[in-house]
Every structure is written in C-alpha cells, then in structure tokens.
Amino acid sequence: MPTIANMLQQYAEHNQLLSFEGTMETIIPGVYFHRATKSSPRQPLIYNSGIIIVGQGHKIIHFPEHQIKYGAGDYLVLGVPVPLECEAFTDNDLPVMGIAIDINPAMLHKLVNQIMQHKPLSASSSSAQVGAVQSATLDTAMELVTHRLLTVLNNPIEADIFGEDIVKELVYRVLCGPQGHTLIGLAMHDGHYARIARTLSTMHSSYANQITVEGLAEDVNMSVSSFHRAFRQVTFESPLQYLKKVRLAKAKELITTSGSKANEAALKVGYTSPSQFSREFKRHFNKTPSEVLTQLHS
C-alpha cells in the first residue's frame, strides 16, 4: 500500500500542482490540499477548525507553556478556529504536504447521536476538559479511510458519488479515536465547549463590529467570570486577546491579497485608531504592514 506522502504526490502530479504553494479546496467540498516547498519560521496564524492530516514534513505549534509537534502520519483535531504561533519544516528537502477536512456541524451532531444510541457516553468523555488543539497518530482505520479519500480525489465521478460518505467515515474514525472528545464536546449543545464554539463563530463573522465580553457571555447564557474561564480553557486566550488576533489576521489578509492600505484595513476589521492598529500589527507580526507587502513582492 502506498504511503500517504506518495498519494499526495500523485494527487499533485495528476492535478498539475507540482509548483503550487499554499492551500486550495479540492473537488470534494470542505476537503483542502496543502503544499509548501520551503520551511517557514515561527509566525502567528489562525488555524481553522477541522481535521488536518499530515503526509510529509512536520510542524511545531507554540503555546506559552508547551509545544505540539506533529508530522507525517499524524493528524490534528481543532474543534474551533484558534490563533496560534506555528513553524513548518520540510523533511529531506521534500515539500510539506497534507489535507484538511472541514467538519460539517449537522453531520457531526448526527454521528454523535448515532454513536450514543449504541454506546452511551460516560460522564468523563462527555464532560472532559478539551482544549482547542489536539493531535494524534493515524491508526490503521484512519490510514485506510485517508487512502480512500486521496484515491477518489483523482476521480471526479467517484469523488462525487463517494466523497461525502468517505468524509463522514473519517469524522467517525476521529470520534472513536483518542481525540474524539474534542468533537464530542463540540456536539454537546449545552456544554461550555459548544457554547464557546458558538461565541467564536460570532467573533469570526462579526469581528469588525463593536464586541464586548459582557455581550458575548450574555449571548451564550453564561456569567462573565464563567465565560472568561471557559474561553481561556478552549482557546488559551482571553476573549479580547483572541478578538485582537482575529482582527490583525484579517487585516493582514486584506493588505496582502486585496492590496488594502494599512489605514483602510484597520477600519475594515474594527479598529478606530490607525496608530493603535500599526503598533499592534508590528508587535504581533514583528513587521509593519509595509514590510509585509515588501516581503510579499520580493
């Protein structure tokens, strides 16, 4: 059986992506292919929620008090989008490659309900303390379903017929694995993890609006103190720090992809003070907006 790295290479060759850099959606909605030919230094990024499977290369995610290293043969489970500091490494001068899979909330809830009908969740698994970022090693079942997914990605007819079912099985395998509690927590509507996930959805869709911690806590029927505590458990950040990182990431995206001026980007993401935006942008990315643009075009 070919390795996942070999299958990702075949996918790149089949789809003429041997010079591609970055992340792109495949023919199966919600499934993304990632490729990078060079290592990248430690930098702030926003990781979207989902399942990331690495076929080649490795990455290190840095937290204030610990690190997560994951590479070929590992997968990462993110229940919610999180601002992280990450560095990526090529191995043996081969490109970093992997796939990412979005988790459809309706599918997730249905799967969790079906699992619970056959095997009721214990109190420990349904109320486990879950952080936003977890990694694990692919077991045989996960490896097999990943192989099937990569195989049908090269066949539009099979991708259309089987793609959704293969993604569903992959999510099921994650639910049954060592990091399943992360997704189970997401499906528990009244649990703190699910409430914070709803808050993050609001923050990511309304980051340009005026947002208060009090308002966010009220939206999910939590006291401000309980909300603060739960938010930090899930994201490793305070709500305002998280919001700031989302706004800065969105501003950087506007500057690099849309050519927005710094002041224009600042206003679009919710800053009222251009000077405050410039200070916080430089502190966060270690570069000014103009330096980011210069680096992009160099």
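## Strand 3, strand 8 and their sheet

In this predicted model, Y47 has V82 in strand 8 as its bridge partner. The pair belongs to a longer ladder: strand 3 and strand 8 (residues 82-89) run antiparallel to each other and are joined by six bridges. In general, strands of a sheet pair through backbone hydrogen bonds, in either a parallel or an antiparallel way.

Now for the wider setting of these two strands. They are part of an open sheet of four strands, ordered 3-8-5-6, with antiparallel pairing. Which strands stand at the edges of this sheet? They are strand 3 (40-47) and strand 6 (67-71); each has a single partner strand, so one side of each has no neighbour in the sheet. On average, neighbouring strands here are turned by 30° against each other, direction ignored.

## Helix 10 across the strands

What lies across strand 3 and strand 8? It is helix 10 (residues 239-257), which runs at about 110° to strand 3.

H284 is a handy residue to look at next. It sits in helix 12 (residues 274-285), and with a relative accessible area of 19% H284 is buried, because that value is under the 20% cut-off. Setting aside neighbours within four places in sequence, H284 is in contact with P44, K245 and L248. If you want to follow one of these contacts further, K245 turns up again among the salt bridges, where its partner is E237.

## Strand 9 and its two partners

Is strand 9 (residues 96-101) largely enclosed or largely open? Five of its six residues are buried, so strand 9 is largely enclosed by the rest of the structure.

Strand 9 pairs with strand 2 (residues 31-36) through six bridges, and the two run antiparallel. Within that pairing, F33 has I99 of strand 9 as its bridge partner. Strand 9 also pairs with strand 4 (residues 50-56), again antiparallel, through five bridges. Here I52 is matched with A100 in strand 9. As a general reminder when you look at such strands, the side chains of a regular strand alternate between the two faces of the sheet.

## Salt bridges

How many salt bridges does the structure hold? There are five. One of them joins the side chains of E169 and R148, with N and O 2.2 Å apart. This pair links distant parts of the chain: E169 belongs to helix 5 (residues 156-176) and R148 to helix 4 (residues 140-152), 21 residues apart. Both ends are partly exposed, E169 at a relative accessible area of 23% and R148 at 35%.

K245 and E237 form another salt bridge, and their closest N and O atoms are 2.4 Å apart. Both residues are buried: the relative accessible area is 18% for K245 and 11% for E237. A further salt bridge connects E264 with K268, at 3.3 Å between the closest N and O atoms. E264 and K268 both sit in helix 11 (residues 262-268), four residues apart, which is about one turn of the helix. Relative accessibility is 36% for E264 and 44% for K268, so each counts as partly exposed. Elsewhere, R148, E169 and R173 are joined into one network by salt bridges that share partners.

## The annotated domain

The UniProt record, an unreviewed entry, places the feature "domain: HTH araC/xylS-type" at residues 197-295. In the model, that span is 74% helix and 0% strand, and its end C-alpha atoms lie 34 Å apart.

## Two loop residues with positive phi

Two loop residues are worth a look for their backbone angles. Q16 has a phi near 55°, a positive value in a residue other than glycine. Where does Q16 lie? It is in the loop between helix 1 (4-14) and strand 1 (22-25). Q16 counts as exposed, at 73% relative accessibility.

N221 is not a glycine either, yet it has a positive phi of about 55°. This residue lies in the loop between helix 8 (213-219) and helix 9 (224-235). With a relative accessible area of 67%, N221 is exposed, because that value is over the 50% cut-off.

Terms used:
Residues numbered from 1 in each chain as written. Predicted model: local features only at pLDDT ≥ 70, side-chain atom pairs only at ≥ 80, totals over all residues. Heavy atoms only, no water. Salt bridge = Lys/Arg side-chain N within 4 Å of Asp/Glu carboxyl O. Buried < 20%, exposed > 50% of the residue type's maximum accessible area, 1.4 Å probe, protein only. Pairing = 2+ DSSP bridges. Axes fitted to C-alpha atoms, helices over the stretch in contact; angles between N-to-C directions. Contact = heavy atoms within 4.5 Å. UniProt positions renumbered as here; feature names shortened; annotations may be inferred.
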